[in-house]
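Trainee: Could you take me through one part of this model closely, namely the place where its two domains meet? I would like a connected account rather than a list.

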Amino acid sequence: MLAELISPWFRAQARDLPWRRPETTPWGVLVSEFMLQQTPVARVEPVWRDWMDRWPAPSALAAAPRADVLRAWGKLGYPRRAIRLHDAAAAIAERHDDTVPSDVDSLEALPGIGSYTARAVAAFGYGLRAPVVDTNVRRVVARAVHGQGDAGPARTRADLADVDALLPARDTEAAVVSAGLMELGALVCTARSPRCADCPVAHACAWVAAGRPAYDGPRRPVQGFAGTDRQVRGKLMDVLRGAPGPVERSALDAVWSDAGQRDRCLHSLLVDGLAEQTDDGRFALPA
DNA sequence: TACACGTGGCC
DNA sequence: TGGCCAAGTGT
């Protein structure tokens, strides 16, 4: 029922995103999915175009120095994703003959690829039937199917089963519905102000039928940022990215006054492979 | 399971 | 203004 409503809506209303173009390879889809993890479409678009120009195949990215990869990642955030994408590219080049795998199990075995990204690559990169569960899909299902105002905590197995039950049998059509569920959550069935008047599913929506009751379940704890290690790491990485080569310790000391926290964060960047200390004691992005 | 992990825009 | 939110993953 939902699928028959979402499919034509998506074909008519889908945004013309570059990674949805027919000429986009599965590799391009994979790169887009890495970048889109927790990051809005508008900020991903220019970076994705740059990456695809520079590194059109996994082997091309794998051959690039880490520092180049981290600089190209820029300010997308969560730079460990860039490391994992770099490592995934190397694994694909070496173990999969430079071809992105199409099966979910092989994809999930790659660094940085979990349940969502594996299925997104199978569905959007290869047109296969794979239940894709992200925050948008969880919200759409919570409302349309369960009549809840919001999704609440993840129920991984049940979420997968819910979406699987919505997908048509045929691969191509199922992939369109998967994309449509996400698009509906992104454009219409949004978190704060759902536009039910424009929703192709409204007349079949359990939440609308129930009078759009407010969500009463547990709220997701809000992630603080100011003053956290995350903020400090970000500032340190910004210095390393912006410098053409190694920087003195003093340049890093300048970004945060709390020396203990600063040192802890710098050390964690070294451990994560996001930074290196040179022989002369300075710091830089990894070679 | 809960928490760490960047960044910036929006209402 | 500032909390909330954005195509998650790894531990």
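Mentor: Across the interface of domain 1 and domain 2, three residue pairs are found in polar contact, with both residues of each pair at pLDDT 80 or more, a condition worth keeping in mind since the model is a predicted one. On the side of domain 1 that touches domain 2, helix 5 (66-73) and helix 6 (80-95) each supply at least two residues, and helix 5 gives the largest share of that side, three residues. By character, the residues of this side of domain 1 divide into four nonpolar, one polar and four charged. Charge also appears in the pairing across the interface, where the rule finds two salt bridges; in a salt bridge computed at 3.9 Å, N to O, the side chain of Arg80 meets that of Asp272, a distance that falls within the 4 Å cut-off of the rule.

As for the extent of the interface, domain 1 and domain 2 bury about 760 Å² between them, and 55% of this lies on carbon and sulfur atoms. Arg80 returns here, for together with Leu70 and Arg71 it belongs to the residues of domain 1 that lose the most area to domain 2, the three accounting for 51% of what that side buries. To set this in the frame of the whole chain, domain 1 covers 1-221 and domain 2 covers 229-284 of chain A, and the contact between them takes nine residues from domain 1 and 12 residues from domain 2. The centres of the two domains, taken over C-alpha atoms, are separated by 33 Å.

Technical notes: Residues numbered from 1 in each chain as written. Chains lettered and ligands numbered in written order. Predicted model: local features only at pLDDT ≥ 70, side-chain atom pairs only at ≥ 80, totals over all residues. Heavy atoms only, no water. Domains from an automatic or database assignment. Contact = heavy atoms within 4.5 Å. Buried area = accessible area lost by both parts, 1.4 Å probe. Polar contact = N/O pair within 3.5 Å; in protein donor to acceptor, adjacent residues only side chain to side chain. Helix = DSSP H or I, 4+ residues; strand = E, 2+ residues; numbered from the N terminus. Nonpolar A, V, L, I, M, F, W, Y, C, P; charged D, E, K, R; others polar.
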